[in-house]
Amino acid sequence: GSAPADPSRVRFLAFLLDDLSRGLLMAHVHELGVADADGWTTHADHVTFIHTPSAEQLASFPWGVECEMEVVGFAGDERCCAVQVDVPTWVPVHPQVAVPHVTVSCAPGARAVESDAMLMRKMALGEIVFTREFMPLTLKGRFGGVTMVDARVYAQPGVMDADTRTAVAAVVQADAAADAADAAAAAAEASR
């Protein structure tokens, strides 16, 4: 069998909505008259940029950078519903999807990844409800990763930021000092 996946491995890179924006997005969708049917799973928390990122993609991703994205419009079908978002031009990475979006919810058995194809189909049919003019909504959040165990991380795994490096160095120094003190005490004990 294959070895279990490292739980800290980043499964995908994304724009991760803050809790307030997630709540506002849910309210926005309900205001449009859309209510989740029984058994639907609510997501409404991120815009996926890159699935299973490479080392290069991990290294060049704008970790922890704050961002705002405007909701452009809404669409849904019997399997999922999502809002299309406008990715600011300054963002250095482009989502690996046809239509940048936040999956709001999915029917039982449906996967969030289906939202992209649904939005493309609805776009082609002219069935996206463009909400920007009459119901503007700006989503706020930060760029980060989501791990195998669905934890959010805002710094490149294995690459420490300055604060973390300082904290780790302090712990290492304290441990070394404690070890030296223990060794000195043991030596004193032995020489009695």
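The buried residues of helix 1 pack against strand 1 (10-17), strand 2 (41-42), strand 4 (66-76), strand 5 (80-86), strand 6 (101-106) and strand 8 (138-147). The structure in which this packing occurs is a predicted model. The residues concerned are Ser21, Leu25, Met26, His28 and Val29. Because they cover an arc of only 160 degrees around the axis, they fall on the same side of helix 1. In general terms, an α-helix has 3.6 residues a turn, so residues three or four places apart point the same way. On the other side of helix 1, the exposed residues are Asp19, Leu20 and Glu31.

The length of this helix can be checked by simple arithmetic. Helix 1 comprises 13 residues (19-31), which at 1.5 Å a residue should span 18 Å; the C-alpha atoms at its ends are 18 Å apart, so expectation and model agree. After helix 1 comes Gly33, with a positive phi near 85 degrees.

Helix 3 (residues 115-124) can be read in a similar manner, beginning with Ser115, which is found in it. The buried residues of helix 3 are Ser115, Asp116, Met118, Leu119 and Lys122. Their arc around the axis is only 160 degrees, which places them on the same side of helix 3. The cover over these buried residues includes strand 4, strand 5 and strand 6. Helix 3 is followed by Gly126, and the phi of this glycine is positive, near 70 degrees.

Individual contacts show how helix 3 meets its surroundings. Ser115 has 0% relative accessibility and therefore counts as buried. Beyond residues up to four places away in sequence, Ser115 touches Cys80, Cys81, Ala82, His101 and Thr103. One of these partners, Ala82, lies in strand 5. Ala82 also counts as buried, because its relative accessibility is 0%. With its neighbours within four places in sequence left aside, Ala82 is in contact with Gly73, Phe74, Ala75, His101, Val102, Thr103, Val104, Ser115, Met118 and Leu119. Between Ala82 and Pro100, 18 residues apart in sequence, the C-alpha to C-alpha distance is 10.0 Å.

The next region is the loop between helix 2 (55-60) and strand 4, where Trp63 lies. Is Trp63 buried or exposed? At 16% relative accessibility, Trp63 counts as buried, since the cut-off for that class is under 20%. Apart from residues up to four places away in sequence, Trp63 touches Val10, Leu13, Leu58, Phe143, Gly144, Gly145, Val153, Tyr154, Ala155, Gln156 and Pro157. By contrast with these contacts, Trp63 and Ala185 stand 46 Å apart in space, C-alpha to C-alpha, with a sequence separation of 122 residues.

Gly64 is also placed in the loop between helix 2 and strand 4. With a relative accessible area of 22%, Gly64 is partly exposed. Its contacts, not counting residues up to four places away in sequence, are with Arg142, Phe143 and Tyr154. The C-alpha atoms of Gly64 and Met148 are separated by 19 Å, and these residues are 84 residues apart along the chain.

Two other loop positions deserve attention for their backbone angles. Ala44 has a phi near 50 degrees, a positive value in a residue other than glycine. Ala44 is situated in the loop between strand 2 and strand 3, and is buried, with a relative accessible area of 0%. Asp150, likewise not a glycine, has a positive phi of about 65 degrees. Asp150 is placed in the loop between strand 8 and strand 9 (152-153). At a relative accessible area of 55%, Asp150 is exposed.

The final topic is open space. The largest pocket has a volume of about 550 Å³. Two or more residues of its lining are given by each of strand 1, strand 3 (46-51) and strand 6. Which element supplies the largest share of the lining? That share, 4 residues, comes from strand 3. In total, 19 residues line the largest pocket, and Arg11, Phe12, His46, Thr48 and Ala112 are those nearest its centre. By character, the lining divides into 7 nonpolar, 6 polar and 6 charged residues.

Notes
Residues are numbered from 1 along each chain as its sequence is written. This is a predicted model: local features need pLDDT of at least 70, side-chain atom pairs count only at pLDDT 80 or more; totals for chains, interfaces and linings use all residues. Side-chain values use heavy atoms; hydrogens and water are left out. The expected span of a helix is 1.5 Å times one less than its number of residues. Buried means under 20% relative accessible area, exposed over 50%, partly exposed in between (1.4 Å probe, protein chains only). The arc is that of the directions from the helix axis to the C-beta atoms. Contact means heavy atoms within 4.5 Å. On a 1 Å grid over the protein atoms alone, a cavity is a set of points where a 1.4 Å probe fits but cannot get out, and a pocket is an open set with protein on both sides within 12 Å along at least five of seven lines; lining residues have an atom within 4 Å of a point. Grid points are joined across faces, edges and corners, and a volume is the space filled by probe spheres set on the points. Ala, Val, Leu, Ile, Met, Phe, Trp, Tyr, Cys and Pro count as nonpolar, Asp, Glu, Lys and Arg as charged, and the others, Gly among them, as polar.
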